[in-house]
Structures are given as C-alpha cells and as structure tokens.
Amino acid sequence: LKSSRFTEVRRILNPAEGLCATEGHPAMATDSNLERAVGANSSEFRHLRPLLITDEEKNNPIPIGPEDLSHGRLENGMHYFVRSCKKPAARAALALAVSVGSVAEADDCERGVAHILEHLAFNATAKYENHDIVRFLESIGAAFGACQNAYTSADETVYEMLVPIDKPGLLEQALEVLAQFAGHIRVSPADLEKERGPVLEEWRAGKTAQGRAQEAYWKSLFEDSVYADRLPIGLETTIRGCTADTVRNFYSRCYLPEHMAIVIAGDFSSDGRDPYCGGLTGVEAALRRTLGRVISPPRVWPSDGGTDVLKDAEPIVVQSRPPPRGSAAPPGFAPHSVPRIVCFTDREQQGSNVLIGCKHPREPLSTAEAFKQHIAADLFCSALNRRLFRLSRSPCPPWWDACAALEDPCASCRLWVLTASCEVAGAAVATETLLLEAARARMHGFTPRELSIARAKMLADFEQHFIERHQTHAEDLRDEYLRHFLKGEFVCGREYEARLAKAMLAAVTDADVVAVSSRFKPECSCVVKVAEHKQSVTEVGLRAVLRRVEDLESRGEISPPSADNELEELVPAALAPSIQAEIVARKVFPALGVTELRLGNGLRVTVMRTPHLDDQILVGGWAYGGVSQLLTDPRGSDAAVRAGGVSGFGDAGEGLFGSISRILLGTWAHKSIYAEAMCAMFLAGELGWFGRPPEELSDVMAGKRVDLSPTVGAFSRSIGGDVSPEYLEEALQLVYLLFMQRTDASDEELVRSVKQMTVESIRARMRDPQSRFSSVARFLNYACHGSFGRRALSQYFQSLSIADVRQVAASSAVAFHDACFASPAEWHLLLVGALPEAEATDPSAGISGCDGKVEHLVTQWLGGITARDAPAATGTDWSSIPGAPPFNPPLPAKAVVPLATGFPLRPAYARVRAPMVDDQAQVQISLPLLIERDERGSAATESLWVALLSRVLERRLLRELRFRSGNVYSVAVREAYSTEPPGQQTRNIRGDLVVAFSCDPADIVRLTEVALSVIATVQHEPGPAAAEDLQTALEVETRNWENAQQENGHWIDQISKYYQSPLFTECQGDLDEIHRQTEGHRVAHLAAATADGLKDAALRVLHADAVGRNSPYTVVTLVPARPLWHWRRFLLFDAITDVVATSHRQDHALLLGVIALSAGVAVCSRYLRRPAR
C-alpha cells in the first residue's frame, strides 16, 4: 500500500521523464445518478432486477457459472475450467495452478525450494531441454520475461501464458507445456546449478529498504505461525546449497494432480465451429490428451543427471502431504490480544510510513452472506478513505497520504489495514490520528452523505463490470477462475453477479457498515509497523499512543466528524459558457471512422467510434510548446539551441566569454523561472486544476466515471483521461473549466505543506542509490560539450534542489499552469471509444457514425472556451518571458525547441559507489542512435528496424547472460527518444539504445564485457542464429500489434501520430490515406525483413563499430561503497580506479590503479627504511 501522493511528488524531481500531473486527485470515477438513463448499456443495468435471496439461501454456496462454462475433474483428479471469450481475438489465456507454495516446505533445507522449482520448470522437462520452452513461447509471439509467466507465493504456484490459437496445434502445444510443468520437470544437479544465479539475483533484488521492511513486518505478522519463516524467496543458504534430491522430493511430494487446476479462457466457439480448437469440446479433448496423462506422484529424473532418458522413479514415501484446497484449513491462524510493534529503521528508507494491520481469520467469498459482508467492508473503507483524504488537505496535515484497505496476505488470514505516509518524525502523530479516525467511526458512524457517496462509487463499479461483460479480457477471466480454485471466491457470470450485487448492496444497512469498524481495534491481533530513515519513535512511545486512544474512546471524548459543505453543480450558472463557437469546418474519414471538427475558437476536435469497450471513451489532447521553450543552452548559447545544433556525438561550445556572460547574467534568474515551471503542475494539482480544491471536486463528481488530468512535458502540453460514455458531458465540462478557471494559490498553509512534501521527497531521493545512479547516467549521456573540455547538463535533466523548491513562488507557478491552458486555438482534442452510435433516422448526426448529441456537447462546452488574457501574477510575469505559453499565434511543430544534449565521443565508463545495507549492482550500457529521415521526411522504416534490433538484442543478451551464464534474472533493452520533439520533419532523430541489468557486484566487470561482446554481434555476425532471432522478433512484433489494435489506447496514439507525421502535409491531411500508407509500409517492411537487413540497419543507426575502442558509448555501473576501514578505500585504490574508469576500459583502470598503488607502497617503504637521525 504505497502512498500515491508522496510518490507522485517525486516525479517532478526526475524531469527526464517529463512533467507529469499527479494521479492522486483525479476527478473521481463512478456514479450515483440512478434517475439518469442515457445510453442503452447503463439503462439495461439500471433496469436489471436484483436477485431474490431468502434467509435460507444466503449461506448456501453461490453456483459456479455461467452456463457456457465447462468445468470438472480429469481422471487423475485435476480440476479444469474452460470458458469462451472474444477478447483478444484468436488468443487463449492459460494457467496451471498448484495449490502448494512455500508454506509446504518441510524445514530450513527446503526454504525457497518451491520458488526454485518454478524456475527449473522453464529450464528443462522430459520433452524440452535447455530452455526450449522459452524458445517455443517466443516463436509463437507469446510473452516471456521476469514475473510474466509464473509466480510463487506462500500458498500457491501458478504458471501462466497468453498464446495465439489461429494456427492448428498451437493450443495443444501450449497445453503440453503445462503438462510438462505438472509432471515432468527435470531436476538434475546441472540444471540446478544453472538456475541458482537467476534465483540469487531475484533474491538480491528484494534486498531494498522496502523489501527489508516488508520482511520484518511479515515475521511479526505471522509470529508463532509457520508462515513467519516461509517467505517464497527463501534463504540464501538454501538457494546456494540445496541439492537436486531436495528439490525432487518437494516436487514429488507436492505436485500432485489433486492439488492442481488448469484454467483456459479463449476465443473459441461453444458450438465447435472454430477451425483450430474445435470449440469447447475440442479444448476438453486436448486437455485429456495432455494434462489428463499427468500421474501421481510425478515422474522425476535420476539424481546423477547424466542421462537424457526419462525413467519412472520409485514413489517417494510422504508422511504428510498438503491437503487439496478446500479439504482442510491451511496452517492455523494465530490470534494475539497484545499488539505487536515493529519500529523499522533503514538508512535507505524513502520517507516515513506507518502501517496498522489487524488480523482476522479469512473466510472464503463463496456465499451471498459473505458477499454482503465484503460489500459492507468496502463501503466502510471507501467512507473512511474520504475522511483520511480530507485530513491530508488540512493545515499541518498528519500525513501526506493515507488509506484503509483489506488484504489477504495468506490463505488463512485477512488483514484490515490502515496505512499512512507522513513527514519525517511524524510517525507518532500519524499513528495516533489513524487510530482516532477508526475510533471516531466506531463511536459516531458516518453521515448519510458519506455513505451515499461510498454506495454511489460501488454501484458504478458494478455497472461498469456489467456493461463490459462481453468484452472481458481473457487474462482477467482466467484470473477469476484461478481465484475460485485457490481462494474459494465465487464465479457466477457477469449478469448473475450484477443482479446479486444490486441485491446485496441494498441489503447492507448503515449499521452493517459501521460494524466493520470493530475489525480495526488494537486488540484484534494488531501489528503496527513504523518504517523510518532515522528513528523518531520507539515501541514504548507507540504503546503509549495505543493506550491514549483507547482511553479517549472508553471515556467517550472523541468528537464527531465535522459537517461537510453542501454539494454544488460542477459548472454553476455563473460559470456557464456565455457564447458557443460554431463548427466552421468538418472532415470525415470513412475508412477509419474518424471525423475532424474545427470550432470557431480555433480548437480542433477529432472523434473516432470503436467497439472495443462499451464503457470507455479515451480523451486526449495536445498543444505544441512545453518547458523546453524556457531552457537556455547549458553551454552558453540560446541561439545554438533554437537553430537546432544541439545534439550529437560532440558539439563545440560558445567559448570562455559566452560561458562567463551566461553565468553572470542569466543562469540563476532563468533557473528560478524554470523551477517555477517544473513545480507548476503539481502545485496546481494540489490546489485544484479545475477551479476548486480536489476534495470538493471529488464529492461533486462522486459516482461519475470520469478521470481527467492535464500534463506539461518537455515539448508539449497535454490532456488525458478515461470516461464513461454516459458522462462525456461532465468530462467536457472539466476541459472547459481547465481553460476558463484560474488556480487559486492563496491557501498558504496548503502551499507550505506541498513544498514540505516536495523537500522530503528530495531528501529521500538523495538517500536512494538508484537516484544517484540515474543522475550520473543522465549526465554522462546528455551533458553537452563546451569549451576547455567542460561538459554542462541541461536544466531539464537536472533534479530540482531543496533551495529551488523553497524559492518557488506559488502564485507564479500556478500562473504558468494557467497560461499553459489559456488559448484554445493551440489545442487539438481527441475522443476515441464507445461514442453513441447515430440512428439511421437521426437528422442531427453530423459526426460520421456518431449521435448528434456528441456534436452538440462539443459545441456547447468546447465551443464555449474563449482565450484568456495572461493573469496579473504577483511574481513572474509569464507574458513578458520569451518562450512561455500561451503562444499567439499557436506554436508550429517546427518551432518547438529541442533539448540541448551531447554524447561522449569515445567510450566513457562511470562507476557509482553508494552506501548500501545489502550489496547490489546494476549496469546500464547506452549507445547513441541516429535515425535519418527519408526523402519524404519519414523515419518509419528506420524506427521499425530499431524496434526489431532491440528485441533481437534483448533475446541474445537474455540467452547469454541468464540461460548460458546463469548470472542475471532479467535483461531489458529499450530505445529512447526523450530528447526529440514530435512533429519535426527536418531534423534527423537522435536517441539512445539502452541495455540494463542487475547482477552480483563481484561479477559486474565480467558480465559487462560479455554484454558488450553480445552487442557487437548484431553488427558483424548475421548467420543462422540471427535469422532465428529476427523471426522471433517479427512474430512478437506482429502478435503485439494484433493485440494492440483491440484497445482504444492504441488508436488514440495512432491518430495523434498521424497528425504529427510527415505524411500529413503530403497527403493534405487525409487520415485515411496516411493510415493506408503507414500500415502498408509497416506490413511490407516486416514481410521483407532479413537478417542481413537487420545487420545493415544496425550499422546505420548505431556507430559503425558500436562498442569499438574509439566508439561513442557509455557504461554506468552501480556498486556498493566499501567502509572507510577497508584497505582498498583506505589506500585510495577504489578512488583511483573509479576516476580512471570514467574515461577508459575497466582493464585499463585496474592496471593503472595497480601501478598507482604500487608506486605509493614503494614511496612509503622507502621512507620507512630511511635510518633515524
């Protein structure tokens, strides 16, 4: 349970990711206006009759469904569930669930074996060897990667995959893979040795401040229970030293068919007419041919591992087998009346956090009565969270963010949680306030308004669930049946569930909701955890807080909650549009089903109706011009930036006079302006984007499924959100208010609180080794080259300092925000999704394929936006600053200022040493990309080559570093173009190809050299292996594209790219033609791609010798800092090595370091041998 508000503020401190608006205060989703019947789907839900359930029936198990579900047990006792669904098309989501996890490990020598076995499954089985399973998944375009295909928890192990089924035999092959997992995993000493490294790296990755805090809390939570010592990752000693016999014994003892279930949800018909699977009947037959043959106990491999022939092993005598789920309770729930206190201190801890958890026995969610109690609990948490949020907005708030929630940490326990993120040394106050609010709810309950808001939100969730019942994703449907098997949750079909939900929500009384508060009492097996950077509270102090709240409650001295203000309309009559701009131009693109409107106020609106989700319309909008317009060239020349000569493998600077003038005359004043712009969006979000504080807006919007937020980035400003078709008008009203209302920065206490939260985020960042690592990487990759060898980093890539934040004038910052949304003529808005469909007889259907009501709403609210004058700010006057919005006339794409960046001219190494509690190491290798545009100004071909190059390189690195060397858990390769403004057609595109992985600090030098050697192969070794890698990359690219086309997010991105494409001018703005050419080019390019073509592309987009001795690339490594008394640090050996390694290869650095150390030792020895006078 992480604090969204405290986490979000850190996003302004890493500007390389752009300025992002906070997600902590969206215009809340969900709805309560039951009288409003607009839209067939909503109307259908509201006329849906609740189920009639008698008192005798409410405790009976809810029947599994729906009717088209095929389920049962195979002959060997394995459960199966098969369900048809249409999304995504021609895909099936599969899972093998084993109701056995780490809690079934017998003793310390097995701690971690359940997780190791999960890893071994992908290594080799009776039918597949040497990670052939991984190759099979990749060859059919299925995803494979860290945490994507399997997981192990305390109570279960689950293997998952999403596979295409549009070719004969693919589904049965995937089922055969699961059958191998169920009964034929090969466990030989050689296999185990190969997999120890990746498991150790996964164990090492969890040794962060958050991971250590979670482990301490877990042990306290389950003290006196077997769970306390059964974290799934296990012990380092077990990972390093367990034997193959130990793993085989666990496999044979626990992987029994009666403990397993196979779940399949996919696009196959119920009548058996689909050509590749044979419908539900065909799938069942394939199940019996594959999973039905799994025997008990599973067949295992001989202990010597020296033969490739599978033999039947003698059954292992098991004294105590874990029972199948449902036949007996899991390891016992251990209640305790005395609260347990965990005061956790860690020097890497990010912020101060409080977590209060009250344990109760977990009851399966399988009856109507259990569902009713679950609804009551959710209503309580929703109502309490509203109070906690409003407290975070008060003067001198007790926390930055807080929430109440339910968790199921294990099969036998349900945790009722109160959590908060607070300021340093504020843990005691936050703990006391959390307990007081829970006690206040017990004593005084909730107001009718609080409960009506909570009910409205829940009802809207049920409504959305029902509306999209035929568009449920196969993976979501699969997960429902997994929870049914593993946790006993009911699954009855969306329509039946909607009727049941309406009945149970109506049956929950206000008293039922208030009764939930008794679950949060400290005597209810309570565990309190405080995690801090420096200890500010002790166990004695926290127990005193618990007693003080208990005394106040027993004496009845806790006051009732304060009264709320009355709700107002979202747009009061005084703020309603006084004029409405008419539609002055209209273009229809029938092939895409897109219509473009131009309003009289200059705003352009493009709408596209799609069938993908019946309860979703995505809102997107952009205007050129962001914070890059305010930046000066860090080398001293603004003109160089605006002329475009700012990025390359090394650019000359302005000279000494220009640098001195820049420093003396403009640096500090411009930095304060830039800091105000960087803080503008977060400050405005906390004060209220839409003209009123977030806590008021959330109440006004309670029950309306509308989520909308603005953003200011490096090169543009944008609006994004997700709304229900029924509440499209409210979404457009919010856009109207964003442009027409000014942000009020007069609340000094709130501004002070936001600044303090930001300052603490900066301090937390300074303690974070990852932040230090990222800062060095940014400097090395993006700093410009100036005179005298000086390198300077653009302000955009620099993190704000505490002094910067404290000097920000709130009035100036929000004035910048208001100026960004002052001129509608700069903006282009997109609406993509389930727009109402026009009737054939509707004469007002002005938008192709959409109801005329949409056009009316567009003209009423978006047409009502008028350009505002620049506000008279008490601080910075943005209207007088060149490059600050609003831009009048609108800024064209070619005038957007790119970021000033450079790249080292030769190999550059940087080693970051950071103090760590547990040793970790990370490597980031960056290579500069240069993508040349073709004669039409398009870079589509080269961009596709780069995407394929990234996939091929990632596959090779994973194969070499994990599957062959067994030293890393995962490898990520990505291409980044964060310094390139969109829509510019004259500049070549510059970017970075980044390779990142973590490893053992002792292996960092060797693995870096291995990674560099693998990178070199993409330019010099095509061969058969390259052809196989390319074919896999093409298959993954094709399958991902097919899946993406079934999502609204894909289409809103594509339409945006079409408007910014070089083809837009050439095709005279014809989106249909742009789409035809773009898609045709993509398909033709993928069809013609060859291994030689990939090699040639790698030579073009990368340096001719990408990782050669004199080539431009960077290597940044993060390693633990040694203590002061370590001999390497005491004799400055590490310091000498790190300095030399910044510019040379590591082997050279070691050599020079040894030479320097030897010279120092020789001088000291000579001095000591001198005779005393």
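What span should the 16 residues of helix α17 have at 1.5 Å a residue, and how far apart are its end C-alpha atoms?

**View 1. The length of helix α17 in the predicted model.** Helix α17 comprises residues 539-554. At 1.5 Å a residue, its 16 residues should span 22 Å. The end C-alpha atoms of the helix lie 23 Å apart, which agrees with that expectation.

**View 2. The buried and exposed residues of α17.** Buried positions in this helix are L542, V545, L546, V549 and L552. Seen down the axis of α17, the buried residues fall within an arc of 130°, so they line one face of the helix. On the other side of α17, V540 and S554 are exposed.

**View 3. The surroundings of α17.** The cover over the buried residues of α17 includes two strands, β7 (340-345) and β11 (526-532), together with helix α12 (427-444). Just after α17, G556 adopts a positive phi of about 70°.

**View 4. F446 in the loop between α12 and α13.** This loop precedes α13 (448-467) and follows α12. F446 has a relative accessibility of 11%; because buried means under 20%, the residue counts as buried. Leaving aside neighbours within four places in sequence, F446 is in contact with F380, A383, L384, R387, A441, L451, V513 and V514.

**View 5. F446 and D510.** These two residues are separated by 64 residues in sequence. In space, F446 and D510 are 8.1 Å apart, C-alpha to C-alpha.

How values were computed: Residues numbered from 1 in each chain as written. Predicted model: local features only at pLDDT ≥ 70, side-chain atom pairs only at ≥ 80, totals over all residues. Heavy atoms only, no water. Helix = DSSP H or I, 4+ residues; strand = E, 2+ residues; numbered from the N terminus. Expected span 1.5 Å × (residues − 1). Buried < 20%, exposed > 50% of the residue type's maximum accessible area, 1.4 Å probe, protein only. Arc of directions from axis to C-beta. Contact = heavy atoms within 4.5 Å.
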